[in-house]
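Biologist: Could you take me through one spot in this protein, slowly, as if I were new to all this? I'd like to know what sits around it.

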Amino acid sequence: INGGDGYHVLLAGMSQIDATPGQFVLAAEPVGTMAGAGRTKQGAPPPGSSVLYVEFRKDGRPIDPDPWWVAGQQKVQG
């Protein structure tokens, strides 16, 4: 996902991608789906289940994602 100003978000592990290259997407808009929802009692994904990999990049290099996460139950509205 091209976030503009040299920022990109890399997502891997989805079973289906619904967005197309070059498509404009809004903040918090779904871009795909994951297969096999669910968690173990310890909170980890069950063995063999899908795991979403997220990487934030600036000018092609990985960066710390902490400033990008929204705290608490805040949601984008629009």
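Modeller: Sure, and one term before we start: a polar contact is a pair of N or O atoms within 3.5 Å, where, within protein, one must be able to donate a hydrogen and the other to accept it, and residues adjacent in sequence count only if both atoms are side-chain atoms. Keep in mind that this is a predicted model, where local features need pLDDT of at least 70, side-chain atom pairs count only at pLDDT 80 or more, and totals for chains, interfaces and linings use all residues. Residues are numbered from 1 along each chain as its sequence is written, and side-chain values use heavy atoms, with hydrogens and water left out.

Our spot is Lys58, whose side chain reaches the backbone oxygen of Asp5 at 2.5 Å. Lys58 belongs to strand β5, residues 53-58 (strands are DSSP runs of E, at least two residues, numbered from the N terminus). Now look across to strand β2, residues 7-12: β2 and β5 pair in the antiparallel sense over six bridges (two strands pair if DSSP finds at least two bridges between them). Within that pairing, Lys58 is the bridge partner of Tyr7. Gly6 is 52 residues away along the chain, yet its C-alpha atom is 5.3 Å from that of Lys58.

Lys58 also has a bridge partner in β6, namely Arg61. β5 and β6 make a hairpin with two residues between them, and Asp59 in the turn has a positive phi of about 55°.

Finally, Lys58 counts as partly exposed because its relative accessibility is 23%, between buried (under 20%) and exposed (over 50%), using a 1.4 Å probe and protein chains only.

Key: Helix = DSSP H or I, 4+ residues; strand = E, 2+ residues; numbered from the N terminus.
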